[in-house]
Amino acid sequence: MKEEKAEKEEPILLQLPAGESNLRRLIDLISSLISLSHSVKTFPAKWQSIRAKLEQLNSSLLSAENCSSSENSLFSDTVESICSTAIKCQDLARRCINLSYSGKLLMQSDLDVILANFVRHLYDLARIYNTGILKNSCAIVVSRPPPGAGLDDMRFYLRDLFTRLRIGDCKMKLQALIALNECLLEDDKNMRIVVETGDMVGLLVDFLEYEEVGTQEESAKAISVIAGFNSYKGILVSASAIAPLIRVLEVGSDLGKESAARALHELTENSDNVWSVSAHGGVTVLLKICSECSGSQQLISSACCILRNLSGVDEIKRFMIEEGAISTFIKLTGSKDDVLQIHGMELLQTMASGDEPLRQMVIREGGIRRLIRVLDPKSSYSSKTREVSLRVISNLCLASNSSINVLLGSEFLNCVLFFIQNGDISIQESAAKTTFRLCGMSEETKKAMGEAGFLPALVKLLDAKSSDIQEQAGEALLNMISTPKNRKRFVQHDLNVLRLLQLLNPEDEKSCNRKLLLATLLSLTHSNTARRKIANSGYIKHLEKLAEDGNTEAKRIIKKLSENRFRSIFGGIWHA
């Protein structure tokens, strides 16, 4: 009985004052319907979808209020059609609230039909706006609020811009986009208003497809600004921004490409979005930009950053390799631009890190030779570029013994030694770190370093201004003299042993790490020559003082020296 009664009831229509336009009646009806939809508890997913379309319709219709819509029969017919659908939707909402429908399946079907009708209405409105049928009849252009104006004033201004973007001609759209970008860059609060105003983000995405260059550039610029906020990235992705951004990146203007690349860089910081970029052909487009170096430094730099984000997914990294990524990145390392060189180096490291076959590919294709060329002291590369080159070579070649021969057969050791002795503090520190890692590779490597002249250079670094350099030099020196040949070479120079003892001064609080110095001296006591030089040095008093103070390592060294002296005396008596 309850269901039969419901069928006889007329739909509950909004009572509006006489004289209001059909458009205003429809806007109020839809607003009421949006509020009513929040009270519906059944079929929540379907009503959520319907409510989203109602909000889009409301925004689209508000854009038409200042236009000469009454003169256009196509628009008037569309308004009537939307009104008819909205009345039916209102009736379905009431029946869902009262649970007065005849069956769930039938109601689900009715809701699907309503949703499809709303989608069609949105398409019809978009087609009308895009044809330019509607003309703005408002003679007054809303002025931009002054700095410090309230949110309501700015919201009104931005909504007016939205209207002009909807129904304006090409010139008006471009002017509105320029004004919109000024607002976005001025205050983060404006960003929130824009994102929450109707379907403005979706409209900006649509403008990426425009043939008019200025409109495309300004919309890409706006999207790149929005993409810089983590909380709004999901909105851009939901608005299907990635595919048109890639198209702009491929065929857009120089400025459009730069903005699109910035936006994609921000969006791919979220690993969930990298698949979408790859699926829409982004990898091929990005590698082409990097390979041809046809764009600006900013564009290529952003492309490199996107590729680095994409390479975090193993399947995409493999596809990048198939597309020639390694040779492209090696080519970038030879760029005349320092920023692009560094991008190329870091991409090689990112791709090959922890992947022995890829490291070997980089070596085979000449990547390491190109990086070593950057270290040539006669070249004009910046210190920053050389620092990165040292780090990348170290990470690629010092991860396994199989790659070290490539370095030993080149000028690499001589370059590292040069920067230990002559580089500014930043590259000197990088060279010291590389030296320390080299020492841990093999006996052959340590011998080669000893022959190249690293020992006296490391001794000089023991009192460097940087404590990090001191530490790296001390560790490297201790490692190197563990090789008998290097130990012998070290003690041949009196100043080497003398300097170690000088640095042990107990009164010098800024001296090198005493633990490393003592460990080095203890290692040297394996050599008869070193023991004599230590015992005969005027600075042995530093060692004795530390031993008196209870330093265990110092005591061990003194004991070694005493044992040697006793054996010498005993040997003299024996042979007398």
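A residue counts as partly exposed when its relative accessible area falls between the limits for buried, under 20%, and exposed, over 50%. By that yardstick, H280 is partly exposed because its relative accessible area is 44%. The model considered here is a predicted one, and H280 makes a handy starting point for a walk through it.

H280 sits in the loop that links α14 (274–279) to α15 (282–292). Leaving out residues up to four places away in sequence, H280 touches I242, A243 and I246. For I246, the separation from H280 is 34 residues along the sequence, while the C-alpha to C-alpha distance is 7.4 Å.

Turning to the interior, the largest nonpolar core holds 139 residues, and the members that touch the most others are L180, L310, F329, F412 and F490. The surroundings of L310 can be listed in full: beyond its neighbours within four places in sequence, L310 is in contact with T268, V274, V277, V283, L286, I316 and M320. Another core lies apart from this one; it comprises 33 residues, including L26, I34, I50 and I167.

The view of the whole protein rounds off the picture. Its secondary structure consists of 34 helices and zero strands. Of its 576 residues, 48% are buried. Among contacts with a separation of 6 or more, 69% join residues 24 or more positions apart. The protein exposes about 28000 Å² of surface, 50% of which is supplied by carbon and sulfur atoms.

Note on methods. Residues numbered from 1 in each chain as written. Predicted model: local features only at pLDDT ≥ 70, side-chain atom pairs only at ≥ 80, totals over all residues. Heavy atoms only, no water. Helix = DSSP H or I, 4+ residues; strand = E, 2+ residues; numbered from the N terminus. Buried < 20%, exposed > 50% of the residue type's maximum accessible area, 1.4 Å probe, protein only. Contact = heavy atoms within 4.5 Å. Areas by Shrake-Rupley, 256 points an atom, 1.4 Å probe, with all protein chains shown as cover. Core = buried A, V, L, I, M, F, W, Y, C linked by side-chain atoms within 4.5 Å.
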